[in-house]
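Reader: I should like to go through the pockets and the bound ligand with you. Could you show me the structure before we begin?

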Amino acid sequence: MRLRNITGSREMIRESGFVVHEPEEMRGRWKEAFGSDAPLHVEIGMGKGRFLMDMARLHPEISYIGIEKYSSVLLRAIQKMQEDPLPNVKFIRMDAEEIEAVFGEGEVDRIYLNFSDPWPKDRHAKRRLESRQFLKRYDRILKKDGQIEFKTDNRELFAFALEELPEAGWRAKAVTWDLHGDPAMNEGNVMTEYEERFSSLGNPICKYIIER
Ligand code: SAM
């Protein structure tokens, strides 16, 4: 989801109070950043932030951090927050490859991956957010009983993501290849922007919940 480059987006982000500008400095201290002992949930590749903000409205007892690589996309999330500021949401502009520099060991309670970029070429597999390389990073920052939830309509990416689990020491707690047709897994589902777009085209949505 790379929006047309918006002139001045970096400057606008720099001035935004919703963005944590030196996130490495908060490593191991995120509860202080929120001024709350609430559990910490992180969405990686949040895009324009619709899912994260809907979740934050539904769960004021959770602190949410949205990570996004591109300024032009993050800017859209900031604009939404300006319309409806949420005290339990913060944003970080970064590449998730650096995630261990930003969160301490076991600091995160849950990670959401929604409609991640597929990186279809084999030689780019390690860039997929569900690859064994990323699962190992998540292993270090996630609490012992922490979980990861992943949704996509890309069945090849989903098959790859399932194959990666044993390689990195994870196991599936729940799996569906048709989330909206699975009443148990779909209960309380909050749609992402991409989920709405692709399910309206008739694409079934795949989801896993994993743990160690
Ligand atoms: N999660 C949103 C949704 O479901 O509507 C957006 C999905 S969009 C296809 C994927 C987003 O992940 C893009 O905004 C992209 O910039 C971001 N992204 C991809 N790789 C990333 C990475 N390594 N670090 C941070 N963000 C990343």
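Author: A residue is taken to be near the ligand if one of its heavy atoms lies within 4 Å of the ligand. Please keep in mind that this is a predicted model.

Reader: With that cut-off, how many residues surround the ligand, and which are the closest?

Author: The ligand is surrounded by 19 residues. The closest are G45, E68, A96, N114 and T192.

Reader: What is the make-up of that shell by class?

Author: The shell around the ligand consists of nine nonpolar, four polar and six charged residues.

Reader: Which backbone atoms come into polar contact with nitrogen atoms of the ligand?

Author: G45 has a backbone N or O atom 2.9 Å from a nitrogen atom of the ligand. For K69, a backbone N or O atom lies 3.2 Å from a ligand nitrogen atom.

Reader: And what about an oxygen atom of the ligand?

Author: There, a polar backbone atom of E193 is 3.4 Å from an oxygen atom of the ligand. As for cover, the ligand has 600 Å² of accessible area on its own, and the protein covers 96% of that area.

Reader: Where does the ligand sit?

Author: The ligand sits in the largest pocket, which holds about 590 Å³ of space.

Reader: Which residues lie nearest the centre of that pocket?

Author: Those are G45, E68, S116, D117 and L129, out of 31 lining residues. G45 and E68 are also among the residues closest to the ligand.

Reader: Which elements supply at least two residues each to this lining?

Author: They are β1 (40-44), α3 (50-58), β2 (63-68) and α8 (193-200). By class, the lining of the largest pocket has 14 nonpolar, six polar and eleven charged residues.

Reader: Turning to the second largest pocket, how many residues line it, and how much space lies there?

Author: About 220 Å³ of space lies in the second largest pocket, and 16 residues line it. Nearest its centre are E149, G188, N189, V190 and K207.

Reader: Which elements give two or more residues to that lining?

Author: α3, β4 (108-114), β5 (142-152) and β7 (206-211) do so. Helix α3 also supplies at least two residues to the lining of the largest pocket.

Reader: And the classes there?

Author: The lining of the second largest pocket divides into seven nonpolar, four polar and five charged residues.

Definitions and conventions. Residues are numbered from 1 along each chain as its sequence is written. This is a predicted model: local features need pLDDT of at least 70, side-chain atom pairs count only at pLDDT 80 or more; totals for chains, interfaces and linings use all residues. Side-chain values use heavy atoms; hydrogens and water are left out. On a 1 Å grid over the protein atoms alone, a cavity is a set of points where a 1.4 Å probe fits but cannot get out, and a pocket is an open set with protein on both sides within 12 Å along at least five of seven lines; lining residues have an atom within 4 Å of a point. Grid points are joined across faces, edges and corners, and a volume is the space filled by probe spheres set on the points. Helices (H or I, at least four residues) and strands (E, at least two) are DSSP runs, numbered from the N terminus. Ala, Val, Leu, Ile, Met, Phe, Trp, Tyr, Cys and Pro count as nonpolar, Asp, Glu, Lys and Arg as charged, and the others, Gly among them, as polar. A polar contact is a pair of N or O atoms within 3.5 Å; within protein, one must be able to donate a hydrogen and the other to accept it, and residues adjacent in sequence count only if both atoms are side-chain atoms. Accessible areas come from the Shrake-Rupley method with a 1.4 Å probe; for residues, only the protein chains shown count as cover. A molecule sits in a cavity or pocket if more than half of its atoms lie within 2 Å of its grid points.
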